[in-house]
Amino acid sequence: MLRRGAPRASGGARAEGRAAAVLRARLTLRRRRFLWGVLFVSPWIIGTLGLVLYPMALSLYYSFTSYNIVGTSQWTGLANYQELLQDPEFTQSLENTLYLVVVMVPLSLIASLGYALVLNLAVFGQRFFRTVLYLPQMVPTVAGAILWIWVLNPTYGLVNTVLGWLHITGPLWLNSISWSKPAIVLMNLWGIGGAGVIFLAGLQGISPALVDAARVDGANAWQRFRHVTVPALSPLILFNAIMGFLGAMQYFTQAFIMGGGDTGGTSIGLGNSLQFAVVYLYEVAFSDLRVGYASAIGWVLFVIMLVVIGVLLKLSVRWVFYEGWRQQ
C-alpha cells in the first residue's frame, strides 16, 4: 500500500507544482500588463498630478495666505474670503459675469439651435452655409476680438454703417457702459458654430419614423418640434448649456482685449463694464501681485460653477431623454 501510494503522492505534488507554476505565470503576465498600462498612461498621470492637482492644491493653500509672488506666504486664515464679501469690484465682476450667464448663454443656445434647424433643411447651398456657420470657430480668439473692435466702431464700424443705411442711429457699443456687454453678446452670437454643429449632428440622428408618426397623428410643425425634436436633442441641449455656462464664467480673452486691458489700463471697459470675474482675478494676481487673494477668487468661482452644474444635472432627470427614455 505504501509503494502504491507513493507514486500517487508524487503525482499530486507534481500537479500542485504545475498549478502553482501556471498561477505564477498568470500573475507575472498580469503584472507585466499592469506595468505596461501604467507606462502608457504615465504621461496623463504626470500631467494630471503636476499640471492639475498640484496647482489646485497649491492655490487652495494660497487662498488662506497673504502671498505676493516675490515674498514668502503668511497664513491669514479666512481673511481673503472675508475681504471678498466687502469688495465692491468683485461684486461688480460677479454681476457682469451673471449678465453673460443669464443673457448670452440662452441666446446662444436658441440661435445655434435655430441655425441648425435651418441648415438641416434640404436647401440650395447647404454645404456652403454649413461652412459659413463653422468658419468663425477657425478664427483665433485674439484676431476675432480685434476684428470686432473694428466692426463695432461707432463711427465707421460695419454694424453702425448698416444701421445707418436703415436710418437707425447705432449705439456707441464698446464706448458705452450700457452697450458694452450687449456688444460682447453680439460677438458671441457670431461664433455659435461649435454648438450649431453639435445640434446639427443631433438633428440628423433623429429617426424619420418618429417625425412621420407624429405627422400621421396630426401634429403640426410646432408640435413635432416640441414633442419630438426637443426631447431627442435634450442631451445635447444639456451639454451645450453646461459648456456655455462654463465659458461665460471663465470669459476672459475677448473682454480683456476689447475692454482695453491689453493697453495696460486699470479699467476694463468703460466704467469696468467688461470686468468679468476672471478678468478681475487676472488683474489682482498679475497687476496687484496679490496671489493669495486671487486664489480665493478662483476657488469661489470654482464652487459657484460646481454648485450650478450640480443643480443642472440634478434637474436634468426631469427633462433629458436618452434614446427615447427619460433618465432615472
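The packing of four helices and the two largest pockets are described here for a predicted model.

Helix α3, which spans residues 88–119, packs against helix α8, residues 193–204, at an angle of about 50°, and the axes of the two helices lie 8 Å apart. Angles from 35 up to 65 degrees fall outside the parallel and perpendicular ranges, and α3 and α8 are therefore oblique to each other. Their crossing is right-handed. On the side of α3, the contact is formed by Leu-109, Ser-112, Leu-113, Ala-116, Leu-117 and Leu-119, while α8 contributes Ala-195, Gly-196, Phe-199, Leu-200 and Leu-203. When these residues are sorted by class, the contact of α3 with α8 comprises 9 nonpolar and 2 polar residues, with no charged residues.

Helix α3 also packs against α10, here at an angle of about 140° and with the axes 10 Å apart. The two helices are therefore oblique to each other, and the crossing of α3 and α10 is right-handed. From α3, the residues Thr-97, Leu-100, Val-101, Met-104, Val-105, Leu-109, Leu-113 and Leu-117 meet a set in α10 that consists of Phe-225, Thr-229, Leu-233, Ile-237, Asn-240, Ala-241, Gly-244, Phe-245, Ala-248 and Met-249. The classes represented in the contact of α3 with α10 are 14 nonpolar and 4 polar residues, and no charged residues take part. Leu-109, Leu-113 and Leu-117 of α3 are thus named both in the contact with α8 and in the contact with α10.

A further partner of α8 is helix α4, residues 126–134, which packs against α8 at an angle of about 140°, with their axes 8 Å apart. This angle makes α4 oblique to α8. Arg-130, Leu-133 and Tyr-134 in α4 meet α8 at Gly-193, Gly-194, Gly-196, Val-197, Leu-200 and Gln-204. By class, the contact of α4 with α8 holds 4 nonpolar, 4 polar and 1 charged residues. Within α8, Gly-196 and Leu-200 appear in the contact with α4 and also in the contact with α3.

Attention now turns to the pockets. The largest pocket has a volume of about 770 Å³, and its lining is made up of 29 residues, among which Gln-137, Asn-188, Gly-191, Ile-192 and Gln-254 lie nearest the centre. Two or more lining residues are given by each of α3, α5 (141–151), α7 (177–190), α8 and α10 (221–249), and the largest share, 6 residues, comes from α10. The helices α3, α8 and α10, whose packing is described above, are therefore among the elements that line this pocket. In terms of class, the lining of the largest pocket divides into 17 nonpolar and 12 polar residues, with no charged residues.

The second largest pocket encloses about 470 Å³ of space. It is lined by 18 residues, and those closest to its centre are Leu-281, Gly-298, Trp-299, Phe-302 and Met-305. The elements that supply two or more residues to this lining are α1 (2–62), α10, α12 (277–286) and α13 (291–315), with α13 giving the most, 9 residues. Helix α10 is named for the lining of the second largest pocket as well as for that of the largest pocket. The lining of the second largest pocket divides into 14 nonpolar and 4 polar residues, and again no charged residues are found.

Conventions. Residues numbered from 1 in each chain as written. Predicted model: local features only at pLDDT ≥ 70, side-chain atom pairs only at ≥ 80, totals over all residues. Heavy atoms only, no water. Axes fitted to C-alpha atoms, helices over the stretch in contact; angles between N-to-C directions. Helix = DSSP H or I, 4+ residues; strand = E, 2+ residues; numbered from the N terminus. Parallel < 35°, antiparallel > 145°, perpendicular 65-115°, else oblique. Left-handed = near helix turned anticlockwise from the far one by under 90°. Contact = heavy atoms within 4.5 Å. Nonpolar A, V, L, I, M, F, W, Y, C, P; charged D, E, K, R; others polar. 1 Å grid on protein atoms, 1.4 Å probe; cavity = no way out; pocket = protein on both sides within 12 Å on 5 of 7 lines; lining within 4 Å. Points joined across faces, edges and corners; volume = space filled by probe spheres on them.
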